[in-house]
Amino acid sequence: MISGVSFHLVCGFEAVMCQVEEDYNGLECKQEKIPVPTLNRKCMKCKEGTAVLIIRVSDAFCRSCFKEYFIHKFRAMLGKNRVIFPQEKVLLAVSGGAASCSMLAQVQEGLSRDAPKKLRFMPGIIYIDDGGACGRSSEERQRSIDQLKSIFTETGFPYFIVPLEQVFSLPTSVLVPGTSDPDPSNPSYKQAVDQYIKENQKLTEEEAASAVAQLRIEESVCSPEHKLALERLFSSLNTLTAKEDMLQTLRQHLILHIARENGYSKVMMGDSCSRLAVKLLSNIALGRGAALASDTGFSDPRYGDVVIVRPMRDYSSKEIAAYSRMFHVPSVFISGLDTKTHDKASIQRLTESFVTNLQADFPSTVSTIYRTSEKLHTVIPSQGQTTEPASKCLLCLCALDTNVDKASAFHATLVSEQLSQIKLQDTSHDARHCAEGQGCGTGGCCSSNRSPEHQDLKTLLCYSCRLTIKDTGAVDALPPYIITEAEKRQKRSRMKMEISEYLLEDGE
Ligand SMILES: [Zn+2]
Ligand SMILES: [Zn+2]
């Protein structure tokens, strides 16, 4: 949540207009009236209209030029990157926040009959109801769902409202990257456009519209067992940092699953430039350096067959707030994990307040931070290339950054951790006692009979996800698809080791 973003008004004073709602968690934008500027400054673009807001120091826009600028930026972002094909099914991840709701409004705008350059993809909407993890009451959850439903219905796009509890019935295949060519520079883009134009001459616009409306509209309910399981999982996470990280991971898995099930090959996220700056900095603090490029870049190919795109990454939260207020983009306030927490409650929260303050005092610094991620993107090779599941992190599906050479500091840390574990087991543990099934009470070997132990699970995770799992009190509270897939991978790697040992012996 980026709150208290100030607006530089033309009349020369700075006023805190409203609490700006950011993607996924934030405060509702109170519909306050913009004071009429007393000084008649002209729009820098048309030189005629009266400026109503200033984006950067010298950019004053009138109402209609601001709208044009905002819409153009969205098209330009999609046009420049050329990753979305005509008639491709694209799932818009909407959280109710101003950023993702503006994204939805931009897609609607782009698909409208009178749009100058019509968008050609087939949109669908997904909302993940994470109320169970954030401690919202069922009444609160229902109220938000009803509000969102009316926004979604208005668009005419098919939509999915999915409770986070559904992660407890996900299949293990979610954790396996799909195989398809996610290369954004794919030369067949032009072919696809030509093909679309040819086909579309036969298809009238009404037919196309009804095809969209006929798509399945899905709303799933959650069982009481899953509700309890989710509560147990989140109460087993010891820190807010770990909770936020886990929520993010599970939400991604669920979106990925729904996208795959329904033939969506792209997922659009509403991350703004300000949001990505927060993500980038907190990722560094969380040890997610290796995943920076895919976590914050325009397109994220880590899942292989479903590509995540972030078309809002050029907008600041200030622009988004101004646009949604001026053009009445409906959004819904939904409290998140960090609502009502103080600035230092988690690493993510701390970074957020840092970036918010930075944005207020030094607006250009924020875009500098986020532009860093663009540079990273070109340096780090695409992560979609390796499809072998064992080479990817079990939880975030990024390339494993933990398979480092034996001379590194990271390896040294691992060795010393392992040594201390062995010592602990030797001194304080009676193996026979455990074998009798009486339980050792230490939560060590006995609990590992039911679920993979911390130590084992660790080998399948990237550095950052290891830290999250370290903050988990009960690994067996994780959803079954994660535990099952972990066991599968562990078995496979044990077999591999046995085979290589056998081959070595054989060679002697
Ligand atoms: Zn103008
Ligand atoms: Zn990971």
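These are my notebook entries on a predicted model of one protein chain with a zinc ion.

**Entry 1: the whole chain**

I began with the overall counts. The chain holds 18 helices and 11 strands. Of its 508 residues, 50% count as buried. I then looked up the contacts with a separation of 6 or more, and 73% of them are between residues 24 or more positions apart.

**Entry 2: the zinc site**

Which residues hold the zinc ion (ligand 1)? I found four protein donors, the SG atoms of Cys 43, Cys 46, Cys 62 and Cys 65, at 2.2 to 2.3 Å from the ion. Along the chain these donors follow the spacing C-x2-C-x15-C-x2-C. Cys 43 lies in the loop between strand 2 (14–16) and strand 3 (53–54), while Cys 62 lies in the loop between strand 4 (60–61) and helix 1 (63–81). The two are 19 residues apart, and I noted that the pair links distant parts of the chain.

I checked the angles next. Those among the four donor atoms run from 103 to 116 degrees, and the site is tetrahedral. For comparison, the ideal angle for four tetrahedral donors is 109.5 degrees.

Are Cys 43 and Cys 62 buried or exposed? The cut-off for buried is under 20% relative accessible area. Cys 43 has 1% relative accessibility, so it counts as buried. Cys 62 has 6%, so it is buried as well.

**Entry 3: other cysteines**

I looked for disulfides and the count came to zero. I also looked up two further cysteines. Cys 396 is buried, with a relative accessible area of 7%. Cys 462 is also buried, at 4% relative accessibility.

**Entry 4: strands 5, 6 and 7**

I followed strand 6 (residues 122–129) and its partners. Strand 5 and strand 6 run parallel and are joined by five bridges. In this pairing Leu 92 stands opposite Ile 125 of strand 6. Strand 6 also pairs with strand 7, again in the parallel sense and over five bridges. Two of the bridge partners I wrote down are Tyr 127 with Ile 161 of strand 7, and Asp 129 with Pro 163 of strand 7.

How many residues of strand 6 are buried? Seven of its eight residues are, and the strand is mostly covered.

Why is strand 7 described as largely enclosed by the rest of the structure? Strand 7 covers residues 159–163, and five of these five residues are buried, so the rest of the structure largely encloses it. I checked each face of strand 7 in turn. On one side Tyr 159, Ile 161 and Pro 163 are buried, and on the other side Phe 160 and Val 162 are buried. Both faces are therefore covered, given that a buried residue has under 20% relative accessible area.

**Entry 5: the nonpolar cores**

The largest nonpolar core has 57 residues. Those that touch the most other members are Ile 126, Leu 164, Phe 234, Leu 250, Val 267, Leu 457 and Leu 478. Several elements give two or more residues to this core, including strand 5 (89–93), strand 6, strand 7, helix 7 (224–236) and helix 18 (480–507). Which element gives the largest share? Helix 8 does, with 10 residues.

I picked Ile 126 for a closer look. Leaving out residues up to four places away in sequence, Ile 126 touches Leu 91, Leu 92, Ala 93, Val 94, Phe 160, Val 162, Ile 255 and Ile 258. There is also a second, separate core of 50 residues, and Cys 101, Leu 148, Ile 320 and Val 332 are among them.

**Entry 6: two residues of helix 8**

I ended with Glu 244 and His 257. Glu 244 sits in helix 8. Is Glu 244 buried or exposed? It is buried, with a relative accessible area of 13%. Not counting residues up to four places away in sequence, Glu 244 touches Leu 337, Asp 338, Ser 346, Gln 348 and Arg 349. I looked up the spacing to Gln 348: the two residues are 104 residues apart along the chain, and their C-alpha atoms are separated by 8.0 Å.

His 257 is in helix 8 too. Its relative accessible area is 17%, so His 257 is buried. With neighbours within four places in sequence left aside, His 257 is in contact with Leu 170, Pro 171 and Val 174.

Definitions and conventions
Residues are numbered from 1 along each chain as its sequence is written. Chains are lettered from A and ligands numbered from 1 in the order in which they are written. This is a predicted model: local features need pLDDT of at least 70, side-chain atom pairs count only at pLDDT 80 or more; totals for chains, interfaces and linings use all residues. Side-chain values use heavy atoms; hydrogens and water are left out. Buried means under 20% relative accessible area, exposed over 50%, partly exposed in between (1.4 Å probe, protein chains only). Helices (H or I, at least four residues) and strands (E, at least two) are DSSP runs, numbered from the N terminus. Two strands pair if DSSP finds at least two bridges between them. A nonpolar core is a set of buried Ala, Val, Leu, Ile, Met, Phe, Trp, Tyr and Cys residues joined through side-chain atoms within 4.5 Å. Contact means heavy atoms within 4.5 Å. Donors are N, O and S atoms within 2.8 Å of the metal (3.2 Å for Na, K and Ca); water is not among the atoms, so sites may look incomplete. Four donors count as tetrahedral if all angles lie between 85 and 135 degrees; four count as square planar and six as octahedral if opposite donors are over 155 degrees apart and all others between 65 and 115; anything else is irregular. A disulfide is a pair of cysteine sulfur atoms within 2.5 Å.
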